[in-house]
Amino acid sequence: MGAQALAIEAQALVALEQRIKGPMAPAFARVVTLVLGCQGRVVVMGMGKSGHVGRKIAATLASTGTPAMFVHPAEASHGDLGMVTPQDVVLAISNSGESEELSAILPVLKRLGVTVVAITGRAESGLALHAEAVLDSSVALEACPLNLAPTASTTAQMALGDALAVALLDARGFKEADFARSHPGGSLGRKLLTHVRDVMRSGRAVPRVAPDTAFTDLMREMSGKGLGATAVADDAGRVLGIFTDGDLRRLVENGSDLRALRAADVMHANPRTVRDDALAVDAADMMEAFRITSVLVVDGEDALVGALNINDLLRAKVI
């Protein structure tokens, strides 16, 4: 029965695809135009299973650039209708198109001058007659063996909502960065919204020495800051070089007289740096490409303002 249910719902979606390409295309384009021209929000309404679908559609619209919210039709009759303004578009969802709770508020919505569009399975229903545009979500058969429980019909409603959200997303030129702003807590949001300045070490946490600093003092600075490296910079903050744990290891292996050395003698000149306004994910890519675990951060005038370690990026969940 499970496979049969999926087959019935798949057939319903195939039929829906054919309608949206053919006879329903003008209505779908009309709904997209109405929503794009909306000066308020898309207010989604639906009862029962259609209400659950409506909540998901409202959430999908809101996260893809179309301001939207769900209002329960029954609660609307008891005060929540005050959330709806004449500048809004109401997307009403009902398979039968005769939901009592929706039918009760449709005349009020019309008097307010609110644009109503419908997703319904019956083109001759009261909801369809009140709507300015109708999306046909009818199905030949429910997946329920009794042909009663909303199954294929709610799948069709959900798919139409997704189709509408995607069409609007495309029409608005909605990009990854826009999506990230709606999802700051997700991995994409962290990657596209987190800049180097947000995660770098700054101020006294940045290991830094002058070029004439004695080697012992250099090591004290590097060890005390726990970065595994230290910047070598002049009085103006211009980065001259960097000294890392790897450089120390090579000096020891070569048998160098460390006590006689200065920072300028041991630094790696002209090191790779990253701007503080760069995306943190770009800094991570650079560190991976050049197989380095720390990088110095500079501002727009190439002055040292921070330092970044691979562990800083891990803690921020950028990588």
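**A walk from helix 3 to the sheet**

Thr 60 lies in helix 3, which covers residues 48–63. The model is a predicted one. Is Thr 60 buried or exposed? Its relative accessible area is 18%, and buried means under 20%, so Thr 60 counts as buried. Setting aside neighbours within four places in sequence, Thr 60 is in contact with Asp 162 and Ala 165.

The next element to look at is helix 7, made of residues 152–172. Helix 7 packs with helix 1, residues 2–21. Two packed helices are described by the angle between their axes and by the distance between those axes. For helix 1 and helix 7 the angle is about 40°, and the axes are 9 Å apart. This angle makes helix 1 oblique to helix 7. The crossing of the two helices is right-handed.

Which residues of helix 1 meet helix 7? They are Ile 8, Glu 9, Ala 12, Leu 13, Leu 16 and Ile 20. On the side of helix 7, the residues are Ala 152, Thr 155, Ala 156, Ala 159, Leu 160 and Ala 163. By type, the residues of this contact comprise 10 nonpolar, 1 polar and 1 charged.

Now to the sheet. It is open, has 5 strands in the order 2-1-3-4-5, and its pairing is parallel. Strand 2 (68–70) and strand 5 (133–136) are the edge strands, each pairing on one side only. On average, neighbouring strands are turned by 20° against each other, direction ignored.

The pairs can be followed across the sheet. Strand 1, residues 42–46, pairs with strand 2 in the parallel sense over 3 bridges, and Val 44 stands opposite Phe 70 of strand 2. Two helices pack on this sheet. Helix 2 (residues 25–36) touches strand 1, strand 3, strand 4 and strand 5, and its direction makes about 130° with that of strand 5. Helix 5 (residues 100–112) touches strand 1, strand 3 and strand 4, and its direction makes about 160° with that of strand 3.

Strand 1 also pairs with strand 3, in the parallel sense over 5 bridges; here Met 45 has Ala 92 as its bridge partner. Strand 3 pairs with strand 4 in the parallel sense over 6 bridges, and Ser 94 stands opposite Thr 120 in strand 4.

Why is strand 3 described as largely enclosed by the rest of the structure? The reason is that 6 of its 6 residues are buried. Val 89, Leu 91 and Ile 93 point one way from the strand, while Val 90, Ala 92 and Ser 94 point the other way.

Technical notes:
Residues are numbered from 1 along each chain as its sequence is written. This is a predicted model: local features need pLDDT of at least 70, side-chain atom pairs count only at pLDDT 80 or more; totals for chains, interfaces and linings use all residues. Side-chain values use heavy atoms; hydrogens and water are left out. Two strands pair if DSSP finds at least two bridges between them. Helices (H or I, at least four residues) and strands (E, at least two) are DSSP runs, numbered from the N terminus. Axes are lines fitted to C-alpha atoms, for helices over the stretch in contact, and angles run from 0 to 180 degrees between N-to-C directions. Contact means heavy atoms within 4.5 Å. Buried means under 20% relative accessible area, exposed over 50%, partly exposed in between (1.4 Å probe, protein chains only). Angles under 35 degrees count as roughly parallel, over 145 as roughly antiparallel, 65 to 115 as roughly perpendicular and the rest as oblique. A crossing is left-handed if the near helix is turned anticlockwise from the far one by less than a right angle, and right-handed if clockwise. Ala, Val, Leu, Ile, Met, Phe, Trp, Tyr, Cys and Pro count as nonpolar, Asp, Glu, Lys and Arg as charged, and the others, Gly among them, as polar.
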